[in-house]
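Here are my notes on this model, written as numbered points. Have the viewer open while you read.

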Amino acid sequence: MILKYSKTAALVLLLAAVTTTLQAQVKKTTLSKKKVAVTKVSSGSASLKASMARGKVVFNNICATCHQADGLGVPRMNPPLAKTTYVLGDKTKLIGIVLNGFNEDVEINGDRYSNIMPAHDYLKDQQIADVLTFVRNNFGNKASAVTLTEVKKVRATKKS
Amino acid sequence: MKKKKVLSLLLPVMAAGGLILFNALKSDPPKKAADAGLTVPTGFTANVIAENLGVARHIAVTPQGDIYIKTDNSKPNRGIIVLHDNGTTATEKTTFGNFSGTEMVIKNGYLYASSDYDVYRYKLNANNEVIDPNNPEKIVTGLIARRDHRAKAFALDNDGNIYVNIGAYSNSCQIKDRQKGSLGIPNCPILDSAGGVWQFKADKPNQTYKDGTRYATGLRNVVGMAWNQQDNQLFLMQHGRDQLAYMFPEHWDNKQSALLPAECMYALKKGDNAGWPYIYYDQIQHKKILAPEYGGDGKKTGGENAIDPVAAYPGHMAPNGLLFYTGSQFPEKYKNGAFIAFHGSWNRAPEPQEGYFVVFQPFKNGKPDGQWEVFADGFAGSPEKKASGRADHKPCGLAQGPDGSLYVTDDVKGSVYKISYKK
């Protein structure tokens with residue numbers, strides 16, 4: 001795994017040298033083959049792709065148990081993560097849901113979901129940025145990455 | 001389990017045979033009649049008699065062949081859908097009701113229905129038709145329905161009582177519900193008003209908690225319940241707790257957590273305690289095991305005062321329908337046995353999901369006797385759809401028709417299946 005990551009990182013650094021755009025509009029299917037758009041996540045060493053790869057690990061370990069591996073949730077209980085404004089909309093709100101949990105009835109595309117989501121404030125800021133970037137660019141979703149800075153900002157609000 | 005394997009090997013052969021037989025017998029097949037794509041034992045046929053009814057939960061059938069279905073639709077006037085059974089197809093007769101919910105039972109000239117908060121009843125005429133669909137009588141009101149387990153299943157006895165399940169609004173009474181590693185609240189406060197079965201009068205309007213009695217406690221959530229006429233006792237199916245491995249990976253791996261704890265069948269007496277949240281039943285060790293939120297490690301036993309289940313099934317398969325078969329159409333072995341609709345799991349990932357079938361549990365003298373078997377399978381659509389949990393259909397409610405046919409509802413696409421037997 002480490003070897004795989006360092007390989008990816010090297011490729012990303014190379015691309016970063018010629019690609020200055022910070023857009024995150026990346027097609028999942030073409031990610032590995034075509035020109036990769038890079039977003040500076042933190043120290044500049046992490047690319048969108050690397051963030052997505054780390055986010056996938058977090059998703060499978062933490063989120064998939066309720067939201068399921070395909071991100072489509074469980075009818076009546078656990079909401080889907082595909083094509084909903086909760087995931088694709090305001091990033092501050094989305095980060096807040098991960099940090100504080102979610103304890104409201106939610107209606108998405110006419111269906112109601114009622115199970116509680118516990119707070120995940122034990123996750124590291126980077127893990128939250130990674131998993132949300134992964135979720136926002138999977139299951140048919142396409143949206144900008146979530147950065148470490150953005151997560152830190154919401155975490156600071158939570159504490160105050 | 002051996003029996004189950006043999007059965008699953010034979011099922012495709014049986015299904016093919018059944019289909020040929022079915023087609024040969026039909027002289028003038030109605031357009032909507034369709035082989036349901038289910039596998040059922042030899043001699044049985046399965047038809048889809050209605051489709052697209054929305055979230056079709058529980059079901060009741062009258063001697064006149066009318067079918068009442070309680071939906072969890074939010075659509076106006078479609079809280080209860082009434083069909084008429086024409087044999088291999090059904091036509092919509094009327095709809096009414098503006099509340100979503102789950103339960104549907106006919107008893108002593110009334111149609112009983114539940115929302116997530118209340119129990120209603122509608123008076124029936126001599127033909128078992130609802131007299132005033134717009135003005136049901138509210139029998140029980142103000143029941144707790146919070147995050148988890150809101151559905152209010154109920155059953156009625158022969159002495160004028162109704163038994164309403166009030167599901168626990170929690171997975172395992174943790175201080176922080178569903179939080180990794182969070183411990184259980186001592187003297188779980190949820191049990192005061194939920195996590196059990198409450199007994200009310202079946203004919204007294206506007207009863208609240210103070211009018212009822214907590215009949216049994218320590219039940220996490222129940223959707224399938226039925227009164228057993230043979231031994232005049234309440235039976236129900238508990239949905240066992242979720243996420244052992246996810247919450248406490250130091251004691252369980254994913255494989256164990258997919259199978260544990262058991263989905264339990266309980267036969268209840270007044271005052272019984274089934275042990276939630278302090279213990280769960282392990283169907284492999286045949287023991288009541290202390291829950292990890294209360295110091296358990298998968299081996300320590302507990303629940304000395306809690307009752308044992310009368311039957312136990314693999315974990316997370318979500319038994320949503322329970323019916324005691326009293327008809328004469330099916331072969332003798334089914335008489336007084338139980339059919340259980342397993343809605344199917346979501347909580348087995350990353351292991352494959354399981355369930356999405358109707359099980360038959362043989363009974364003798366009012367108690368489970370012998371190994372359960374899969375009676376009707378194939379609701380999911382394919383093995384891949386079953387494994388991923390993306391089932392095309394999920395069986396939920398069960399009813400017995402006047403001729404002894406078995407009806408099954410599906411709350412994904414709103415299909416109604418009719419399973420019949422011909423010698």
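1. Let's start with a pair of rings: Tyr334(B) and Phe339(B) are both buried. Keep in mind that this is a predicted model, so everything here is computed from predicted coordinates. The two rings, Tyr334(B) and Phe339(B), are stacked, with 5.8 Å from centre to centre and 10° between the planes.

2. Tyr334(B) has another partner. With Phe330(B) it makes an edge-to-face pair, at 5.8 Å between centres and 80° between planes. Phe330(B) is buried, and so is Tyr334(B). If you wonder about the two labels, planes under 30 degrees apart count as stacked and those over 60 as edge-to-face, which is why 10° puts Tyr334(B) and Phe339(B) in the stacked class.

3. Which residues join these rings in one aromatic cluster? The cluster takes in Phe44(B), Tyr325(B), Phe330(B), Tyr334(B), Phe339(B), Phe360(B), Phe375(B) and Tyr421(B). Over all chains, the count of aromatic pairs comes to 34.

4. Two arginines in chain B are worth a click as well. Arg121(B) has its charged end over the ring of Tyr110(B), 3.6 Å from the ring centre. Arg146(B) lies over the face of Tyr169(B), and here the distance to the ring centre is 4.5 Å.

5. Now for the second largest pocket, which holds about 860 Å³ of space. Its lining has 35 residues, and those nearest the centre are Val105(B), Ile106(B), Leu323(B), Phe324(B) and Gln400(B). By type, the lining splits into 20 nonpolar, 13 polar and two charged residues.

6. Where does the lining of that pocket come from? In chain B, strands S2 (56-61), S6 (104-107), S10 (154-156), S14 (222-228), S21 (319-324) and S27 (395-400) each give at least two residues to it. S14(B) supplies the largest share, six residues.

7. Finally, chain A. It has six helices and two strands, and from the N terminus on the order is α-α-α-α-β-β-α-α. Of the 160 residues in chain A, 50% are buried. As for contacts in chain A between residues at least 6 apart in sequence, 58% join residues at least 24 apart.

Terms used: Residues numbered from 1 in each chain as written. Chains lettered and ligands numbered in written order. Predicted model: local features only at pLDDT ≥ 70, side-chain atom pairs only at ≥ 80, totals over all residues. Heavy atoms only, no water. 1 Å grid on protein atoms, 1.4 Å probe; cavity = no way out; pocket = protein on both sides within 12 Å on 5 of 7 lines; lining within 4 Å. Points joined across faces, edges and corners; volume = space filled by probe spheres on them. Helix = DSSP H or I, 4+ residues; strand = E, 2+ residues; numbered from the N terminus. Nonpolar A, V, L, I, M, F, W, Y, C, P; charged D, E, K, R; others polar. Phe/Tyr/Trp six-rings, centres within 6.5 Å; stacked < 30°, edge-to-face > 60°. Buried < 20%, exposed > 50% of the residue type's maximum accessible area, 1.4 Å probe, protein only. Lys NZ or Arg CZ within 6 Å of the ring centre and 35° of its normal. Contact = heavy atoms within 4.5 Å.
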